Amino acid sequence: MALRNTPIRIDDPADERIAEFVSIRERDLTGRTNRFIAEGTVVLNAVLDAGPQGRFAFDKLFILENRLGGLEKLLLRLPPEVPVYTATRQVMDAVTGFA
């Protein structure tokens, strides 16, 4: 099954396409930008289940590359305009500040 949203590999933690994720913490978003970080399949499925009339929508996804296979069914449900970025653990840790 081919994904509509072909994952885009990120190799550089400074890549501008994922700038919003650099050293981000939930408290950086809460109450200021009407955005939040959704982690885990339960939350991702809940947003997708609510549909386009739901309260929330995805801007973009940033996923560990070794998790893509297990998320294929979920990713097939994404609107086609939502970019899906992927990276190795090393790059993800450098981006999020957990390196």
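Two strands are taken to pair if DSSP finds at least two bridges between them. With that criterion in mind, the tour of this predicted model may begin.

**First stop: strand β3.** Select residues 84-87, which form strand β3. Both of its faces are covered. Val84 and Thr86 lie on one side, Tyr85 and Ala87 lie on the other, and all four are buried.

**Second stop: strand β1.** Add residues 8-9, the extent of strand β1. This strand runs parallel to β3 and is joined to β3 by two bridges. To locate one of the partners, display isoleucine 8 together with tyrosine 85 of β3, its bridge partner.

**Third stop: strand β2.** Now select residues 61-64, strand β2. Four bridges link β2 with β3, again in the parallel sense. Showing leucine 61 leads the eye to valine 84 of β3, which stands opposite; Val84 was already met as one of the buried residues of β3.

**Fourth stop: helix α2.** Move to residues 41-50, helix α2, and show the side chains of Leu44, Val47 and Leu48, which are buried. When the view is turned to look down the axis of α2, these buried residues fall within an arc of 95°, and therefore they line one face of the helix. Which exposed residues does the face turned away from the buried side carry? They are Val42 and Asp49.

**Fifth stop: helix α3 and the end of α2.** Select residues 72-76, helix α3, against which the buried residues of α2 pack. Finally, centre the view on glycine 51, just after α2, where the phi angle is positive, at about 75°.

Terms used. Residues numbered from 1 in each chain as written. Predicted model: local features only at pLDDT ≥ 70, side-chain atom pairs only at ≥ 80, totals over all residues. Heavy atoms only, no water. Buried < 20%, exposed > 50% of the residue type's maximum accessible area, 1.4 Å probe, protein only. Arc of directions from axis to C-beta. Contact = heavy atoms within 4.5 Å.
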